[in-house]
Amino acid sequence: MNPTHNPIHTNSTDTAPPPWTTPADLLRGAALYLERHGWHQGDMFADLDQPFPAACATGAIRMAVCGTTNPSYTGTQAAEVTAAIKLLAFYLEDNVYEPVDHRDLEDHWAYFNYVGDWNDEHGQTVTTVVDVLRAAADHYDRLHTTTGTGGAR
């Protein structure tokens, strides 16, 4: 089963643990979504009439969390989307993307705008977007994995 098709939470009273455990897992889910359903520039989704439309990086992250293009989602889902976007934005800023109009990543919407600008950059490719999503996830794991018995996080 495709993990990006199962929303983490269907409402705010869900008691089951989410299938994702970290923002890195969400970035990997977004990369998988783009590989399976296609990548898009200029808007979050290519066709809102489709259940699983081609998406930009932000849209793919939303699909990994929510499983739908519906703009309404829970506070928990919003926090999960924001955490993954923030992780990607900081990875981009430190390792990949330095736009001419550099934005200071200090507020909530700056993260989303920064990722959107990078996704929509002229010459950008789906291969690069997918590779960077996975690289940012791997970077997070390297920083947040402890060594020792079992290598648990």
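Student: Which residues does Leu27 touch, leaving aside those up to four places away in sequence?

Tutor: Leu27 touches Ile61, Ala84, Leu87, Leu88, Leu133, Ala136 and Ala137. Touching here means heavy atoms within 4.5 Å. Bear in mind that this is a predicted model.

Student: What makes a group of residues a nonpolar core?

Tutor: The members have to be buried residues of certain kinds, Leu, Ile and Ala among them, joined through side-chain atoms within 4.5 Å. The largest such core here has 36 residues. Leu27 is one of those with the most contacts inside it, along with Ile61, Leu88 and Leu133.

Student: Which helices supply at least two residues of this core?

Tutor: Helix 1 (23-37), helix 2 (57-66), helix 3 (75-95), helix 4 (108-120) and helix 5 (126-144) each do. Helix 3 gives the largest share, 8 residues.

Student: How many helices and strands does the chain have?

Tutor: There are 5 helices and 0 strands, and reading along the sequence gives the pattern α-α-α-α-α.

Student: How do you know whether helix 1 is largely enclosed or not?

Tutor: Count its buried residues, meaning those under 20% relative accessible area. In helix 1, 11 of the 15 residues pass, so the rest of the structure largely encloses it. Among them are Pro23, Asp25, Leu27, Gly29 and Tyr33. The cover over the buried residues of helix 1 includes helix 2, helix 3 and helix 5.

Student: And how do you know what span to expect for helix 1?

Tutor: Take 1.5 Å times one less than the number of residues. For the 15 residues of helix 1 that comes to 21 Å, and its end C-alpha atoms are 21 Å apart, which agrees. Helix 3, with 21 residues, reaches 30 Å from its first C-alpha to its last, close to the expected 30 Å.

Student: What comes right after helix 1?

Tutor: Gly38 follows helix 1, and its phi is positive, near 105 degrees.

Student: Why is Thr58 called buried?

Tutor: Thr58 has a relative accessible area of 7%. The cut-off is under 20%, so Thr58 counts as buried. Thr58 is found in helix 2 and touches Met44, Ile85, Phe112 and Val115, not counting residues up to four places away in sequence.

Student: Is Cys56 buried or exposed, and how do you know?

Tutor: The relative accessible area of Cys56 is 9%, which is under 20%, so Cys56 is buried. You will find Cys56 in the loop between helix 1 and helix 2. Not counting residues up to four places away in sequence, Cys56 touches Leu34, Trp39, His40, Asp43, Met44 and Asn119. Trp39 is 17 residues from Cys56 along the chain, yet their C-alpha atoms are separated by 5.6 Å.

Student: What share of the chain is buried?

Tutor: Buried residues make up 43% of the 153 residues.

Student: What makes a residue part of a pocket's lining?

Tutor: A lining residue has an atom within 4 Å of a point of the pocket. The largest pocket has 16 lining residues, with Met44, Thr58, Trp109, Phe112 and Asn113 lying nearest its centre. Helix 2, helix 3 and helix 4 are the elements that give two or more residues to this lining. The largest share, 7 residues, comes from helix 4. As for volume, the largest pocket has about 290 Å³.

Definitions and conventions
Residues are numbered from 1 along each chain as its sequence is written. This is a predicted model: local features need pLDDT of at least 70, side-chain atom pairs count only at pLDDT 80 or more; totals for chains, interfaces and linings use all residues. Side-chain values use heavy atoms; hydrogens and water are left out. Buried means under 20% relative accessible area, exposed over 50%, partly exposed in between (1.4 Å probe, protein chains only). Helices (H or I, at least four residues) and strands (E, at least two) are DSSP runs, numbered from the N terminus. On a 1 Å grid over the protein atoms alone, a cavity is a set of points where a 1.4 Å probe fits but cannot get out, and a pocket is an open set with protein on both sides within 12 Å along at least five of seven lines; lining residues have an atom within 4 Å of a point. Grid points are joined across faces, edges and corners, and a volume is the space filled by probe spheres set on the points.
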